[in-house]
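User: Hi! I'm new to this one and would love a quick tour. Can you take a look with me?
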Amino acid sequence: MALVTGDECGLLKLADLHRNTATRIDEHEVQARSRGILKIATSAVDATTGATTFHAARRDGALETWRRNATEEPFSRQSTAAGLAPSTTFLASIDRGLLTCSAQGRAQLTSLNSRRAGDVGTWDLAQGQNNYDVSCGCVVDDTLFVGGRECELTRWDLETRQPSWKARNVRRDNLDMRRPVWVSAIAAPSAHEVVIGTKYGELRFYDLRASRRPQCEVKGISGDKGGHQECDRGISALCLTREPFPGVCRADVGGDISCVDARTRRMCKRLAGPAGAVWALDVCEFEGEWEHRVAGAGYDRHVMCWNLSSRIQAPLASVYCKQRLMDARWVPALAPRDDEDEARVEEEHDEDEDEAMAFGEEEEDSDGDEIDW
């Protein structure tokens, strides 16, 4: 399997976990932070043939569509739509097209082959509010969940384009002070259940049919590390897991990744490896060896994959991508051939022999330089 990654310099890469390589999808793309990748979404993925379509939202307002018809073929750009609202915080593929949302609350629905963003429809999620700041979003069952800084979790009906539910802030603390609102990540298994992460390290479980306030709040997972309190290690990414346990996997800006069981609402596993903020988590849905594996990407420039069924906390595979990554999504890839496996084993064996020889030479030199007192 592989992941399509986008970095802050505007490069799209294919990180192959089988071969531990990262190749550029567009060799002619020039690095520029003004064209950095903000979000990536996949659609029409066929795991049998490898036919894949993915979409990328750039910082300069371009919305690109890339496609390949088979695993052996390279990706080619199908269309580019201009005019996206600045600071895209959310991108998803739905039946009617591509849905994007900006930090200012401007939602745009774009058809797949359009050259103008928002050709299907555009509406304002802020509804006239000042200082409206959307940080994240999620689409499930034709409903849109959004939230942000001082912006409560809200559910929108995509048919009517009207809000159908809005969360209520949690109760005041022991000092009778209002708790600030900053929703930083959203994951929803259905239109009536949703999990959010906050910039203050809190994980909240909502049941929209029961109450406007969360049913459960999980805190204290990250703890005090390196002199930083948990409130300084905000949750940056969420993804839902089904196997080996139903729950949610969370990542924060300090590189801590942990899993919370939805049945007990307690942390059940911690994943090691990242050395910086993790901005993307994704679970592999394709049948096979890599099914239910969790992949993450972030500021440490690595794409990492973990096996939740194993007791090992270290990543199962890791690919270095050179630039700081902003998003990553699973796509099918060719399995390595037998001759590639043999060549990789021989290369590793040669490297071990070279290291052993170099180490032996250093020992001989050191013996010759000894002084007899």
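User: Let's start with Trp-165: buried or exposed?
Analyst: This is a predicted model, and in it Trp-165 has a relative accessible area of 10%, so it is buried, the cut-off being under 20%.

User: Which residue does Trp-165 form an aromatic pair with?
Analyst: That would be Tyr-206. The two rings are edge-to-face, 6.0 Å centre to centre with 80° between the planes.

User: Where do the two sit in the chain?
Analyst: Trp-165 is in strand β15 (residues 162–166) and Tyr-206 in strand β18 (residues 203–207), so the pair ties together parts 41 residues apart in sequence. Tyr-206 is buried too, with a relative accessible area of 4%.

User: Nice. How many aromatic pairs does the structure hold?
Analyst: Five. One of them is Phe-54 with Phe-75: the ring centres are 5.1 Å apart and the planes at 80°, so this pair is edge-to-face. Phe-54 lies in strand β5 (residues 52–58), while Phe-75 is in the loop between β6 (62–68) and β7 (76–82). Both Phe-54 and Phe-75 are buried, and together with Trp-66 they form one aromatic cluster.

User: Switching topic: which charged residue sits over the ring of Trp-182?
Analyst: Lys-199, with its charged end 5.8 Å from the ring centre. Elsewhere, Arg-324 lies over the face of Tyr-299, at 4.2 Å from the ring centre.

User: And strand β11, which of its side chains are buried?
Analyst: Gly-121 and Trp-123, which point to one face; Thr-122 and Asp-124 point to the other and are not buried.

User: How many bridges join β10 to β11?
Analyst: Four, and the two strands run antiparallel. Leu-109, for example, has Gly-121 as its bridge partner.

How values were computed: Residues numbered from 1 in each chain as written. Predicted model: local features only at pLDDT ≥ 70, side-chain atom pairs only at ≥ 80, totals over all residues. Heavy atoms only, no water. Buried < 20%, exposed > 50% of the residue type's maximum accessible area, 1.4 Å probe, protein only. Pairing = 2+ DSSP bridges. Phe/Tyr/Trp six-rings, centres within 6.5 Å; stacked < 30°, edge-to-face > 60°. Lys NZ or Arg CZ within 6 Å of the ring centre and 35° of its normal.
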